[in-house]
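I opened a new notebook page for this structure. My plan is to look up its spaces, its ligand, its strands and a few single residues.

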Amino acid sequence: MGMTDIDPDQIGITNQPLEWRDGDMPYSPAFGDHFYCQTDGRLECGHVFLAGNGLPERWRDKDSFRIGELGFGTGLNFAETWRQWKKQRTDGQQLHFISFELYPMQRDEIDRALSHWSEIDAERTALTAAWPDQPEGTVSLKLDEQTTLSVVCGRARDGVAAARPDFDAWYLDGFAPSKNADMWSEELMRLVCEKTVASGTFATYAAAGFVRRNLGAAGFTVERRPGFAGKREMLCGVKPA
Ligand SMILES: C[S@@+](CC[C@H](N)C(=O)[O-])C[C@H]1O[C@@H](n2cnc3c(N)ncnc32)[C@H](O)[C@@H]1O
């Protein structure tokens, strides 16, 4: 069955079957896509999601900062963000990373994928130690004194609709738009914008015209930038103050 035949409302929460390429690179046969770029998903995270949202600079002088993510997957974006946060933060600052995920992975799958990067060994070890055997509902983990991770299990549209309206930044990471239009719909982009503070931002590797238009229609001022590893374009943007 092709991805366009899949209706998330009908599937319920279950594990998505994974294939492993080159030993530790997860691939989703259901969506027909990798979880991150094959060049280097950790560096891609820094270029697209952190820099695209003006991080780490925007962390300065903020008592608390809330990042939303569409698609937790392996937790790579979280682990890299947490690593950089630990290097940049000052006493008392709080980071809350809230990710929306339809098919939460099992601990051993997260471990296998993240083991690829020795740079995030500490974050992988702590995340997998805290990760529940059966992730469901909202998995909320206080991972250190200044860092909280919440993974809201279920369809992103429903989770974002129910979320607090105070996100400072968004990582839009829901597989390629051509493979998973559900994660890039105008309805979901509107919800994302509604839940964003004034001057809050988003970033994504996606550059498809319909994604750009949906984000613009949702209320973001959208900018095109050079993508990671030779990709011509990525998108980032800001909610006008
Ligand atoms: C590109 S992967 C995310 C990679 C991830 N950020 C990481 O660091 O590994 C996309 C994720 O979106 C999830 N997903 C797909 N459709 C979804 C939906 N409608 N609602 C919530 N999550 C969805 C998939 O299960 C997958 O884990």
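Before I sort any lining, I note the classes: Ala, Val, Leu, Ile, Met, Phe, Trp, Tyr, Cys and Pro count as nonpolar, Asp, Glu, Lys and Arg as charged, and the others, Gly among them, as polar. I also note that this model is predicted.

**Entry 1: the cavity**

I searched the whole structure for cavities of 30 Å³ or more, and one turned up. I read its volume as about 360 Å³. I then listed its lining and got 30 residues. Nearest the centre lie Gly 71, Glu 101, Asp 173, Gly 174 and Phe 175. Next I looked at which elements give two or more residues to this lining: they are α2, α3 (76–88) and β5 (94–101). Which element gives the most to the lining of the largest cavity? I found α2 in that place, with four residues. Sorted by class, the cavity lining has 14 nonpolar, 10 polar and six charged residues.

**Entry 2: the pocket**

I turned to the largest pocket and noted about 380 Å³ of space in it. Its lining holds 21 residues. Closest to the pocket centre I found Asp 33, Glu 44, Ala 176, Tyr 205 and Lys 231. Two elements, β3 (33–34) and α2 (41–52), give two or more residues to this lining. I sorted the pocket lining as well: 13 residues are nonpolar, four are polar and four are charged.

**Entry 3: the ligand**

I asked which residues are closest to the ligand. There are 25 residues around it, and the closest are Gln 16, Gly 71, Thr 74, Glu 101 and Asp 173. I then checked polar contacts one at a time. The side chain of Thr 74 has an N or O atom 2.6 Å from an oxygen atom of the ligand. For Leu 102, the backbone supplies the N or O atom, and it lies 3.0 Å from a ligand nitrogen. For Asn 180, a polar side-chain atom lies 3.0 Å from a nitrogen atom of the ligand.

**Entry 4: the three-strand sheet**

I traced an open sheet of three strands and wrote down the order β1-β2-β3, with antiparallel pairing. The edge strands are β1 (19–21) and β3, since each pairs on one side only. I counted two bridges between strand β2 (residues 25–28) and β3. Across this pairing, Tyr 27 stands opposite His 34 in β3.

**Entry 5: the hairpin**

I looked at strand β6 (residues 138–144) and strand β7 (residues 147–153). They run antiparallel and are joined by six bridges. The two strands form a hairpin, and two residues sit between them. I picked out one facing pair: Val 139 is opposite Val 151 in β7.

**Entry 6: strand β11**

Is strand β11 enclosed or open to the outside? I checked residues 234–238 and found that four of the five are buried, so β11 is largely enclosed by the rest of the structure. Buried here means under 20% relative accessible area. I then looked for the partners of β11. Strand β10 (residues 221–225) is joined to β11 by five bridges, and the two run antiparallel. Here Arg 224 stands opposite Leu 235. Strand β9 (residues 196–204) also pairs with β11, again in the antiparallel sense, over four bridges. In this pairing, Thr 201 has Val 238 as its bridge partner.

**Entry 7: two single residues**

I located Gln 93 in the loop between α3 and β5. Why does Gln 93 count as buried? Its relative accessible area is 6%, and the cut-off is under 20%. I looked for what its side chain contacts. A polar atom of that side chain lies 2.7 Å from the backbone oxygen of Lys 62. The Gln 93 side chain also reaches the backbone nitrogen of Thr 90, at 2.8 Å.

My last residue was Ala 198, which I found in strand β9. Its relative accessibility is 49%, so Ala 198 counts as partly exposed. I compared its place in the chain with its place in space. Ala 198 and Pro 240 are 42 residues apart in sequence, but their C-alpha atoms are 6.0 Å apart.

Terms used:
Residues numbered from 1 in each chain as written. Predicted model: local features only at pLDDT ≥ 70, side-chain atom pairs only at ≥ 80, totals over all residues. Heavy atoms only, no water. 1 Å grid on protein atoms, 1.4 Å probe; cavity = no way out; pocket = protein on both sides within 12 Å on 5 of 7 lines; lining within 4 Å. Points joined across faces, edges and corners; volume = space filled by probe spheres on them. Buried < 20%, exposed > 50% of the residue type's maximum accessible area, 1.4 Å probe, protein only. Pairing = 2+ DSSP bridges. Near = heavy atom within 4 Å. Polar contact = N/O pair within 3.5 Å; in protein donor to acceptor, adjacent residues only side chain to side chain.
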